[in-house]
Amino acid sequence: MTAATTPKGERRRAALVEAAAKLLVEGGFDAVRHRAVAERAGLPLASTTYYFDSLEDLVTAAVEHHSNAELDAGRRRLDELATRNRGAQATVDLVLEMLLGPETDDPEADAEAVLLRYERLVATGRRPYLRPLMRTLSAQLDELLTEIFARSGTPVPAAELERLVALVDGAVVNALIAVDPAPRAAASRMLRNALDGS
């Protein structure tokens with residue numbers, strides 16, 4: 001048994017992954033550096049290279065950790081949606097939570113979080129090492145979104161799901177370009193209109 005597979009080693013590795021995931025969400029890929037991750041985790045700098053072969057491995061683990069946490073939260077919210085509220089706006093809100101991240105009470109902070117999320121998504125294209133993971137995560141997200149629509153009484157085929165996601169992405173990007181202080185609201189309007197018209 002190596003140190004990395006002992007309970008203490010697993011805890012340290014998990015702490016580093018969680019710290020890297022938080023830095024990724026707060027500041028994008030440039031924020032994930034060995035020193036910053038070690039400081040956030042409260043561990044020695046050498047631990048980042050001990051538990052991960054490279055910064056790319058650490059970034060990949062952080063992306064996977066954060067994405068899986070969001071997918072798990074979405075599945076829990078879907079269970080709540082199925083038992084409590086099946087209204088159209090509840091469906092729109094959950095879909096947007098999966099595509100834009102959870103909404104915050106502060107509109108300015110929420111707009112900044114959405115902007116950072118899209119910056120991260122675009123930046124993954126410059127990181128070929130993330131492509132296999134992103135394909136897997138994208139397929140899992142599509143499955144969850146399909147289930148959300150189905151349980152909400154508005155089943156959509158794969159091509160329609162792709163169109164709706166593209167519609168949300170376009171609404172968000174247009175809002176960000178126009179320096180709209182509420183990109184989530186813009187996406188909500190577009191998605192709600194599309195669902196009402198279907």
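## Exercises on a predicted model

The lining of the largest pocket is made up of 14 nonpolar, four polar and six charged residues. The model is predicted. Work through each task, then check the solution.

**Exercise 1. Describe the largest pocket and find which helix gives the most to its lining.**

Solution.
Step 1: Start with volume. The largest pocket has about 640 Å³.
Step 2: Look at the centre. The lining has 24 residues, and Arg117, Leu121, Met134, Ser138 and Leu141 are the closest to the pocket centre.
Step 3: List the elements that give two or more residues. They are helix 4 (55-83), helix 5 (88-100), helix 6 (107-123), helix 7 (131-151) and helix 8 (158-177).
Step 4: Pick the top contributor. Helix 7 gives the most, with six residues.

**Exercise 2. Check whether the span of helix 1 agrees or disagrees with the expected value.**

Solution.
Step 1: Take the residues. Helix 1 covers residues 7-27, which is 21 residues.
Step 2: Find the expected span. Multiply 1.5 Å by one less than the number of residues. That should give 30 Å for helix 1.
Step 3: Compare. The end C-alpha atoms of helix 1 are 30 Å apart, so the two values agree.
Step 4: Add the burial. Gly9, Leu16, Val17, Ala19, Ala20, Ala21, Leu23 and Leu24 are the buried residues of helix 1.
Step 5: Look just past the end. Gly28 follows helix 1 and has a positive phi of about 80°.

**Exercise 3. Describe the chain over residues 10-70.**

Solution.
Step 1: Consult the record. An unreviewed UniProt entry places "domain: HTH tetR-type" at residues 10-70.
Step 2: Read the secondary structure. This stretch is 79% helix and 0% strand.
Step 3: Take the ends. Their C-alpha atoms lie 22 Å apart.

**Exercise 4. Classify the aromatic pair, then decide whether Tyr51 is buried or exposed.**

Solution.
Step 1: Count. The structure holds one aromatic pair.
Step 2: Name the partners. Tyr50 and Tyr51 pair at 4.9 Å centre to centre, with 90° between the planes.
Step 3: Apply the cut-off. Planes over 60 degrees apart count as edge-to-face, so the pair of Tyr50 and Tyr51 is edge-to-face.
Step 4: Test burial. Buried means under 20% relative accessible area. Tyr51 has 13% relative accessibility, so Tyr51 counts as buried.

**Exercise 5. Locate Pro128 and classify its exposure.**

Solution.
Step 1: Place the residue. Pro128 sits in the loop between helix 6 and helix 7.
Step 2: Classify. Pro128 has 48% relative accessibility, so Pro128 counts as partly exposed.
Step 3: Relate Pro128 to Arg13. They are 115 residues apart along the chain, and their C-alpha atoms are separated by 24 Å.

Notes:
Residues are numbered from 1 along each chain as its sequence is written. This is a predicted model: local features need pLDDT of at least 70, side-chain atom pairs count only at pLDDT 80 or more; totals for chains, interfaces and linings use all residues. Side-chain values use heavy atoms; hydrogens and water are left out. Rings of Phe, Tyr and Trp (its six-membered ring) pair if their centres lie within 6.5 Å; planes under 30 degrees apart count as stacked, over 60 as edge-to-face and the rest as tilted. Buried means under 20% relative accessible area, exposed over 50%, partly exposed in between (1.4 Å probe, protein chains only). On a 1 Å grid over the protein atoms alone, a cavity is a set of points where a 1.4 Å probe fits but cannot get out, and a pocket is an open set with protein on both sides within 12 Å along at least five of seven lines; lining residues have an atom within 4 Å of a point. Grid points are joined across faces, edges and corners, and a volume is the space filled by probe spheres set on the points. Helices (H or I, at least four residues) and strands (E, at least two) are DSSP runs, numbered from the N terminus. Ala, Val, Leu, Ile, Met, Phe, Trp, Tyr, Cys and Pro count as nonpolar, Asp, Glu, Lys and Arg as charged, and the others, Gly among them, as polar. UniProt positions are given in the numbering used here, feature names are shortened, and annotations may be inferred rather than shown by experiment.
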